[in-house]
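Welcome, and thanks for taking a look at this one. Please have the structure open beside you while you read the briefing below.

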Amino acid sequence: DFRRLPDYLQIWPGHGAGSACGKSLSAVPQSTLGYEKRFNWAFAVTEEAEFVRAVLAGQPEPPRYFAEMKRINQSGPPLLGEVQPPSRVPLSALAEAVARGNSVVDTREATRFREGAIPGTINIPAGRTFTTWAGSLLPYDRDLYLLLDEGTADLRELVRDLAGIGLDRVSGYLGADAIEAWSRTPGQLQRIPSVTLPQLKSRFGHDGLMVLDVRDVSEWKAGHIPGSRNIPVGRLDQRLGELPQDRTLVVHCQTGPRAAIAASLLRARGFSNVELFPSGFAEWRASGQPVETG
């Protein structure tokens, strides 16, 4: 029982704020048992059943890579040593990779991807949540390629982060200059149009339109656009068969980042009529639009 241990016992957490491995994790790098006993909500719960209910309430769905992490933790990860960055590949190799069904991840900022991207690529911006979405959306049994802006993203760091969750089959990379080079070839760049709140309102309820909410189920239950469909972005690839090919899909999340990833995935999987509502449910609710719950 932790309560019997001395208050001065130091606690060094294995995960920090924002991690999907816990609930309401603090951002402090260390603590003491005495402090946690006074201020941590978990110590205020005395019944096991109530603790289980509280810790699970409102939690997002676990990323898909958690299952892979369990396997790696059980058997032991391979010894990587010094992380070797992959080689730069020619533009033709990227086209061949897309044709083979390999994942090509465009790590540029979402707005730049939306304004012009190579068809078949998936947008997972380099940043704090990069590994979370990479582990949720990318297959572990196939090669993958990275496209990055070398002025803002560190290739070695991206490869190391992917290897840290078991995605160690990065077979090559291209710089952002590949976008311009592609635009000079017979192939055209892909663009994902955005819709504003007034535009969405004017088209709301139209038979040719489906509003796709890619937030977590708990967020959906707390409030959503009436008539919209909910598929969390981390489960989207497994549930594509539930979506119509003959209707325009307007994708949104709470404030935009997850919806941008989802829209790129839909385009890469052959959905041609995809639009993005970037300001998301936050603007919809703040502007006083109708909201359903449950």
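In what follows, a surface patch is made of residues with over 30% relative accessible area and no salt bridge, and nonpolar side chains are joined into a patch within 5 Å. The model you are viewing is predicted, so here is a friendly tour of its confidence, one nonpolar patch and its salt bridges.

**Confidence**

- Across the protein chain the mean pLDDT is 88, and 87% of the residues reach 70 or more.
- Strand β4 (residues 122–123) has the highest confidence in the chain, at 98, while helix α3 (residues 65–75) has the lowest, at a mean of 64.
- Where pLDDT is low, the predicted coordinates should not be read in detail.

**The nonpolar patch**

- Four residues, W41, F51, V52 and L56, make a nonpolar surface patch of about 350 Å².
- To find W41, look in the loop between α1 (33–39) and α2 (48–56).
- W41 has a relative accessible area of 31% and is partly exposed; because patch residues need over 30%, W41 passes that cut-off.

**Salt bridges: the overall picture**

- Searching the whole structure gives 14 salt bridges.
- Some of the charged residues are linked further: R88, E150 and D177 belong to a network of salt bridges.

**A salt bridge within helix α2**

- R53 pairs with E50 in a salt bridge, and their closest N and O atoms are 2.8 Å apart.
- Both R53 and E50 sit in helix α2, 3 residues apart, which is about one turn of the helix.
- What is the relative accessible area of R53? For R53 the value is 49%, so this residue counts as partly exposed.
- Its partner E50 is also partly exposed, at 34% relative accessibility.

**A buried salt bridge**

- Another salt bridge joins the side chains of R108 and D106, at 2.9 Å from N to O.
- Are these two residues buried or exposed? R108 is buried because its relative accessibility is 5%, and D106 is buried too, with a relative accessible area of 1%.
- The cut-off behind both assignments is that buried means under 20% relative accessible area.

**An exposed salt bridge**

- E180 and R184 form a salt bridge as well, with the closest N and O atoms 3.3 Å apart.
- Here both partners, E180 and R184, are exposed.

How values were computed: Residues are numbered from 1 along each chain as its sequence is written. This is a predicted model: local features need pLDDT of at least 70, side-chain atom pairs count only at pLDDT 80 or more; totals for chains, interfaces and linings use all residues. Side-chain values use heavy atoms; hydrogens and water are left out. Patches are made of residues with over 30% relative accessible area and no salt bridge: like charges are joined within 9 Å, nonpolar side chains (Val, Leu, Ile, Met, Phe, Trp, Tyr) within 5 Å. Accessible areas come from the Shrake-Rupley method with a 1.4 Å probe; for residues, only the protein chains shown count as cover. Helices (H or I, at least four residues) and strands (E, at least two) are DSSP runs, numbered from the N terminus. Buried means under 20% relative accessible area, exposed over 50%, partly exposed in between (1.4 Å probe, protein chains only). pLDDT is the predictor's confidence in each residue, from 0 to 100.
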